[in-house]
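Here's a walk through one protein model, going from a single loop residue out to the whole fold. Keep the 3D view open as you read.

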Amino acid sequence: EIYGQIRERLLRGDTYRDVADWLNESGVKPGPASKTGSWTAGLLSKTLRNPILHGERVRNAKKNVRINATGKYKAVTADPRELLVRPVPHLAFFTKDEHSELLHRLDQRSARNPLTWADSHHPRKNVPNKQTHWPGQHSRCGICGSLLYWGGFC
């Protein structure tokens, strides 16, 4: 029943934030894996994109690849041939058509958002956070009043 109401609210134009606020006000808990214990727009978006909502359990969508230079592992999208999909209709909240319609409408709505960088180059991509001027460009020197930058220069 809750997922049906979430779907209806999003289809009529409510934002993720509006629906998340409604869920929190209604006392609906997100589940034991939630760190904050309350619904957020990001958590709701991620939950609604889970294929188990239309009765499919997906495995091997991601795999870890070792980066030899550092010895660490990085999660990457796996080869589609490795994907394992198992039908679990007893866990479905929507039909496949209802779920795909909802996701299509949400993708259309987010495509109009100028803050999405899906098809373009994001200006902060591959730039470490330490190379930003924040908070240095917003801190003032106590002696001369000029802006401070990383490294302590006035």
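Let's start at Asp14, which sits in the loop between helix H1 (2-11) and helix H2 (16-26). Bear in mind that this is a predicted model. Is Asp14 buried or exposed? With a relative accessible area of 17%, Asp14 is buried, because the cut-off for that label is under 20%. If you skip the neighbours within four places in sequence, Asp14 is in contact with Arg9, Val19 and Arg109.

One of those contacts, Arg9, is also a salt-bridge partner: the side chains of Arg9 and Asp14 meet at 3.8 Å, N to O. Arg9 has a second thing going on, since its charged end sits over the ring of Trp22, 4.1 Å from the ring's centre.

**Salt bridges**

How many salt bridges does the count come to? The count is 10. Here are three of them, with the N to O distances.

| Pair | N to O distance |
|---|---|
| Arg7 and Glu101 | 2.8 Å |
| Arg9 and Asp14 | 3.8 Å |
| Glu101 and Arg105 | 3.9 Å |

Take the Arg7 and Glu101 bridge, where the closest N and O atoms are 2.8 Å apart. This pair links distant parts of the chain, with Arg7 in helix H1 and Glu101 in helix H4, 94 residues apart. The two ends have their own surroundings: Arg7 is buried at a relative accessible area of 8%, while Glu101 is partly exposed at 35%.

Glu101 also has a partner within its own helix. The side chains of Glu101 and Arg105 meet in a salt bridge at 3.9 Å, and both residues lie in helix H4, four residues apart, or about one turn of the helix. Arg105 counts as partly exposed, at 36% relative accessibility. Follow the shared partners and you get one network, joining Arg7, Glu8, Glu101 and Arg105 through salt bridges.

**Aromatic rings**

Now for the rings. The structure holds two aromatic pairs. In one of them, Tyr3 and Phe93 are tilted, at 4.4 Å centre to centre with 40° between the planes. Why does this pair tie together parts that are 90 residues apart in sequence? Because Tyr3 lies in helix H1, whereas Phe93 lies in the loop between S4 and helix H4 (96-111).

Tyr3 also pairs with Phe94, this time edge-to-face, with 6.4 Å centre to centre and 90° between the planes. Phe94 lies in the loop between S4 and H4 and Tyr3 in helix H1, so this pair ties together parts that are 91 residues apart in sequence. Phe94 is buried, with a relative accessible area of just 5%. Put together, Tyr3, Phe93 and Phe94 form one aromatic cluster.

**The loop after H2**

Next up is Val28, in the loop between H2 and helix H3 (41-48). Val28 is partly exposed, with a relative accessible area of 22%. That label follows because buried means under 20% and exposed means over 50%, with partly exposed in between. Leaving aside the neighbours within four places in sequence, Val28 touches Ile2, Leu23 and Trp39, in the sense of being in contact with them. Val28 and Ser38 are 10 residues apart in sequence and 8.3 Å apart in space, C-alpha to C-alpha.

**A nonpolar patch**

Which residues make the nonpolar surface patch of about 210 Å²? Val58, Leu83 and Val85 make it. Val85 is in strand S4 (residues 84-87) and counts as partly exposed, at 45% relative accessibility.

**The whole protein**

Zooming out, the protein has four helices and four strands. Read along the sequence, they follow the pattern α-α-α-β-β-β-β-α. Of the protein's 154 residues, 18% count as buried, and Asp14, where we began, belongs in the buried class at 17% relative accessibility.

As for the surface, the protein exposes about 11700 Å², and carbon and sulfur atoms supply 55% of that. Among contacts with a separation of 6 or more, residues 24 or more positions apart account for 46%. The links from helix H1 described above are worth finding in the viewer: the salt bridge from Arg7 to Glu101 in helix H4, and the aromatic pair of Tyr3 with Phe93.

Technical notes
Residues are numbered from 1 along each chain as its sequence is written. This is a predicted model: local features need pLDDT of at least 70, side-chain atom pairs count only at pLDDT 80 or more; totals for chains, interfaces and linings use all residues. Side-chain values use heavy atoms; hydrogens and water are left out. Helices (H or I, at least four residues) and strands (E, at least two) are DSSP runs, numbered from the N terminus. Buried means under 20% relative accessible area, exposed over 50%, partly exposed in between (1.4 Å probe, protein chains only). Contact means heavy atoms within 4.5 Å. Patches are made of residues with over 30% relative accessible area and no salt bridge: like charges are joined within 9 Å, nonpolar side chains (Val, Leu, Ile, Met, Phe, Trp, Tyr) within 5 Å. Accessible areas come from the Shrake-Rupley method with a 1.4 Å probe; for residues, only the protein chains shown count as cover. A salt bridge is a side-chain nitrogen of Lys or Arg within 4 Å of a carboxyl oxygen of Asp or Glu. Rings of Phe, Tyr and Trp (its six-membered ring) pair if their centres lie within 6.5 Å; planes under 30 degrees apart count as stacked, over 60 as edge-to-face and the rest as tilted. A charge sits over a ring if NZ of Lys or CZ of Arg is within 6 Å of the ring centre and within 35 degrees of the ring normal.
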